[in-house]
Amino acid sequence: RQRKMAVPRLLSAAAVVLVALAPGAVAPSWSEYASSYARDTVCAMAPDLCGDDGCPWHPDWLRRAEDAGRARVFGQDHAVRLVLDAMRVHYASGRPRRKALVVSVHGPTGVGKSLFHSVLAEAIFARRTDRGRPVGALVIGAVHYRDPARAFEYEEELRARLSAHLRRCRAGLIVVEELQLLPPAAAAVFAPLFDAPADPSEAADFSNFTFVLTSNLGAELISQRAYAAGGPARVDLHALQDDLQAALDVAANSTAFTRRVDLVVPFYPFGRAQLAQVAERLLENLREELAPAFEAGRALRWDPRAAEALLARLAWEGEGAESQFARYGVQTLVGKFDMLVHGPVRRHVDEALRACGPGAPARVPHDIRVAVRPGAPGAADSIEVVNEAGGER
């Protein structure tokens, strides 16, 4: 089967090379002429042809990552700063890199771990796939490799994916999501790759790569420490990092994996104060997103009580309330925001634009307001989106 597949792949790759090297041709990006399998074939056969690097970084990647992290990763400024400082040192100009940078990210579900690595990849890489994804980021979901009985099969597949990514990129990002789900035999595939080989000509060299390993390991511990200390800023970070690394040792069933980890980063859960900030940020982001749809001087506006009214919809009370906020607060808040604010606001904008009529400027000529109405005694306040041109709801 492999011999049968080799012929069409080689022909496709050869066609790519002939087009790219044709007299008078302007050197194009590979994505204009070839699918990824054709490029991988050429790179495997003749690495010199891939000297342009298929995963170029933005020259100002660090500034882009800092700005995007502050703007989009809610309430985790400390985590963003820890990771970017480590990358700043790892990729410092002229500094020899002895191994890959390995970052282990821990935290409850819904606090921004996956969002962070997505934001990081978008900020770093200058080229996109046909689907708009950053080409330099390889995301491996451990949920697809969790059956211990298939560990040997997983090893082969993982080695193939990692090798293909190394051929494609001189420097890249490799993410393993939900690391705790990987069987130890499959996790062991990664450990040797974290170190630079003694002889790069004989083994894969990932020293220009950053590995981000995300997991829920130690999530309860992170929540307990944050609440006991009165907030993330008061947590003893070094003691927490040591305990999280110990949890990683137990999960990997070996210290050979974790002793190669360079940085352990906790993502803290959200309490009410942090969720209120998230609600305000959601409103501000929506206003910025819709600003081009409004006439000058008109905009999306909201009642100062809107964020608190959204929080009131998260109806967790009693002894387990803080745990519920930690696990599901952001996800639930975003769902309530989309249902009560985002959807109705867009409906009002669409209706206002349709009412402009043919030939009229396609701009909303009035404010749209997120209003808060007092509820009945004992009931939560209601949230309504109001068209301020005529008070319509």
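This note sets out points on the salt bridges and the sheet of a predicted model.

1. Salt bridges overall. Across the whole structure, the search returns 16 salt bridges. As background, side chains of opposite charge can pair when their charged atoms come close. The pairs discussed below include a pair within a helix and a pair joining two helices.

2. Asp 67 and Arg 70. The side chains of these residues form a salt bridge, with an N to O distance of 2.7 Å. Both residues belong to helix α3 (residues 61-72); because they are 3 residues apart there, about one helical turn separates them. Asp 67 is partly exposed, its relative accessible area being 32%.

3. A network of salt bridges. The pair of the preceding point is part of a wider arrangement: Asp 60, Arg 63, Asp 67 and Arg 70 are linked in a network of salt bridges.

4. Glu 289 and Arg 346. A salt bridge connects Glu 289 with Arg 346, and their closest N and O atoms are 2.2 Å apart. This pair links distant parts of the chain, 57 residues apart: Glu 289 lies in helix α12 (residues 272-290) and Arg 346 in helix α14 (residues 321-354). Glu 289 is partly exposed at a relative accessible area of 46%, and Arg 346 is likewise partly exposed, at 32%.

5. Asp 303 and Arg 305. Is each partner of this salt bridge buried or partly exposed? Asp 303 counts as buried, because its relative accessibility of 14% falls under the 20% limit. Arg 305, at 39% relative accessibility, counts as partly exposed. The closest N and O atoms of the two residues are 3.0 Å apart.

6. Order of the sheet. An open sheet is formed by 5 strands with parallel pairing, in the order β2-β3-β4-β1-β5. Which strands stand at the edges? They are β2 (137-141) and β5 (263-266); each has a single partner strand, so one side of each is left without a neighbour in the sheet. On average, neighbouring strands of the sheet are turned by 20° against each other, direction ignored.

7. Pairing of β3 with β4. Strand β3 (residues 173-177) and strand β4 (residues 210-215) run parallel and are joined by 4 bridges. Leu 173 has Thr 210 as its bridge partner in β4.

8. Helix packing on the sheet. Helix α4 (residues 77-90) packs on the sheet, where the helix touches β1 (101-106), β4 and β5. The direction of helix α4 makes about 160° with that of β5.

Notes:
Residues numbered from 1 in each chain as written. Predicted model: local features only at pLDDT ≥ 70, side-chain atom pairs only at ≥ 80, totals over all residues. Heavy atoms only, no water. Salt bridge = Lys/Arg side-chain N within 4 Å of Asp/Glu carboxyl O. Buried < 20%, exposed > 50% of the residue type's maximum accessible area, 1.4 Å probe, protein only. Pairing = 2+ DSSP bridges. Axes fitted to C-alpha atoms, helices over the stretch in contact; angles between N-to-C directions. Contact = heavy atoms within 4.5 Å.
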